[in-house]
Amino acid sequence: MPIVVERRGATVALVDVDDSGAPRDDRASTLTTEAELPRLIAEREAEHPRWVWTDTARWYPPLLAAGVRVERCHDLRLVDRLLAGIQGRAPRTDWGAPAAARQRHGDTLFDLDSDLHSDLTSDPASHADSGAPRSDSGQDAPLAPPAATYRAQLAAIAAHATARDLTLLSAAESAGALAAAEMTHVGLPWSESDHDALLTAVLGPRPPVGGRPSRLDELAAEVTQRLGVGPVALDSPTDLIRALRRAGLEVATTQQRELQRLAHPAIAPLLQYKSLARLWTANGWAWLDEWVHDGRFRPVFLPAGASSGRWASDGGGALQLPRQVRPAVRADEGWMLVVADAAQLEPRILAALSGDEAMARAGAGVDLYTGMVERGVVDTREHAKLGMLGAMYGGTTGESARVLPRLARSFPAAIAFVEAAARTGERGGSVTTHLGRTSPPPSAQWLDRQSLAAAEGASEAMRRAARTDARSWGRFTRNFVVQGTAAEWALAWLAGVRRRLWAAQDGPLERQPHLAFFLHDELVVHTPAHRVPDVESALREAAAEAGRIVFGATPVTFPVTVAAVERYSDAK
DNA sequence: CGTGAACGCGCC
DNA sequence: AGGGCGCGTTCACG
């Protein structure tokens, strides 16, 4: 049975509700304080309730800090955002935009309950069918906003044609939020000394405050000398472009890709400089000081931080950990990292979404792209990969575009599916993932430009610009259906792994196998070495289950590669 | 002086 | 003329 956690001024109420979200009158709600909450929740966790709260990121970390875990929850904020998309309204509680993520920290985090309250009480309709739960005092309590919101959300889901899918997605989203908070709590094991050693090996010893690594200075001097056109600030794109042109090299940008094509003795040290400068500024000693403490990197994960439902992160660039520094991700003594990766997840998702049986057959083995080569669809694995990525991203040039017709002939359903999603976006329409997350509408500016271009007397330039906009939004919706459904599969996988590890739990989270990292289609579990076989089974079983959960019966398989390693970098 | 856009680049 | 992110730097601007 669900229990709603609701802040009321200085106290916290636990409100028992039934499976429709209505208050149960056989139980009074319990009033407590924030300080007492962990103990009360720990006691009642034995009933296996679903904890209903405004925001997992607000309620769960203090519980974890007190050594209390919960198995299931319903995150009102995340579900509200899902429903808002479906209903075409603004979210009631939208802090989800990545740009606003920073504001989630500090006291503002604790305002959501009051925000919900004022929002609902300012809306007369929300009062219409709500019964007030009784409080300990026996007095009529004011309407419990989170409880009322829960009820309204369940009703909205039940009224929807795809109620089962939305229920599933809500549960997966909420389970993901629990896992996200748990991963921040335990952190990713990080060897500060290994990180320091690898930095020193390529950059030279750590420079004093305000100084630059010696290796960067050496490379900069070499680039300047080889260009032979006077001093150049390598960190300034405009200055660098000017210098390259003076040296007779025609470049429009200073991107790696473009520089790589040039034949000039200065290019090699320049590329080396850019790579090392990046390592130093993004993941150097300053990063280590700021983000790694007591042998743990603790990023904050933001479930559904991207509109597609993918997670984002806040702090330390957690989802962009360069391969260069992954050797520093190291299991504790006597422990291992079990790293699992869903093989070619997105094209497999597309095969399942579109019901493309030929593509499902090509993916019957461990490697979908190799399967395409074996069936004579394309001549190399690289072409298969390029072609599929192009189809899913909307690529129109290069090798990707050349391979596309062959893919369209062999996998007509899959290609037609993404093309249809693109056309819908180009018209300004919304698309949905398999479980029902909707793509956001185009901006007002986008719509304006479209209607201006369609109006009588629009200039050719305006029509062209509108066409460019339309194509661009089509690429977004094309990718949204695949990326978003892949995120749903990954959530189901994550939740399944968490549930299996939970079932075998014995003692505090830190002392047993636990999820430590999640990267879109990849999971890392930190585990005592003797539990590696259990963890590997959990990762494989949950992957097999995720396909059935999201798609029901489908011929598409979702193989995962699993590796038990001491260092993250040894996984691939 | 701070702010924000643009760039570049890391990951998927 | 390739989707989604976060973040550090430069540079223009108020």
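Author: A quick definition to start: two residues are in contact if their C-beta atoms, placed from the backbone, lie within 7 Å. Keep in mind that this is a predicted model.

Reader: Okay, so which residues does Ser313 touch, leaving out those up to four places away in sequence?

Author: Ser313 sits in strand S10, which covers residues 312-314. Its C-alpha atom is 4.4 Å from that of Phe301, though the two are 12 residues apart along the chain. Leaving out residues up to four places away in sequence, the contacts of Ser313 are Pro299, Val300, Phe301, Leu302, Ala318 and Leu319.

Reader: And is Ser313 buried or exposed?

Author: A residue needs 20 or more other C-beta atoms within 10 Å of its own to pass as buried. Ser313 has 21 such neighbours, so the label it gets is buried.

Reader: Let's move to helix H7. How far does H7 reach from its first C-alpha to its last?

Author: H7 runs over residues 192-203, which makes 12 residues. At 1.5 Å a residue you'd expect 16 Å, and the helix comes close to that. From first C-alpha to last, H7 reaches 16 Å.

Reader: Why do the buried residues of H7 line one face of the helix?

Author: The buried ones are His195, Leu199 and Leu203. Look down the axis of H7 and these buried residues fall in a limited arc, so they line one face; that arc is 40°.

Reader: Which residues are exposed on the other side of H7?

Author: The buried side has helices over it, including H8 (214-227), H11 (267-283) and H12 (285-291). Turn to the other side of H7 and the exposed residues are Ser193, Ala197 and Ala201.

Reader: Which elements give two or more residues to the side of domain 2 that touches domain 3?

Author: The domain assignment of chain A puts domain 2 at 193-288 and domain 3 at 300-345 + 488-570. Their C-alpha centres lie 35 Å apart. The contact takes 7 residues from domain 2 and 8 residues from domain 3. On the domain 2 side, the elements giving two or more residues are H7 and H11.

Reader: What about the DNA: which element gives the most to the surface near DNA strand B?

Author: Strand B is surrounded by 17 residues, and the closest are Thr253, Gln255, Gln320, Pro322 and Arg323. By class, this surface has 5 nonpolar, 7 polar and 5 charged residues. With 3 residues, the element that gives the most is H11.

Definitions and conventions
Residues numbered from 1 in each chain as written. Chains lettered and ligands numbered in written order. Predicted model: local features only at pLDDT ≥ 70, side-chain atom pairs only at ≥ 80, totals over all residues. Helix = DSSP H or I, 4+ residues; strand = E, 2+ residues; numbered from the N terminus. Expected span 1.5 Å × (residues − 1). Buried ≥ 20, exposed ≤ 12 C-beta atoms within 10 Å, placed from the backbone. Arc of directions from axis to C-beta. Near = placed C-beta within 6 Å. Nonpolar A, V, L, I, M, F, W, Y, C, P; charged D, E, K, R; others polar. Domains from an automatic or database assignment.
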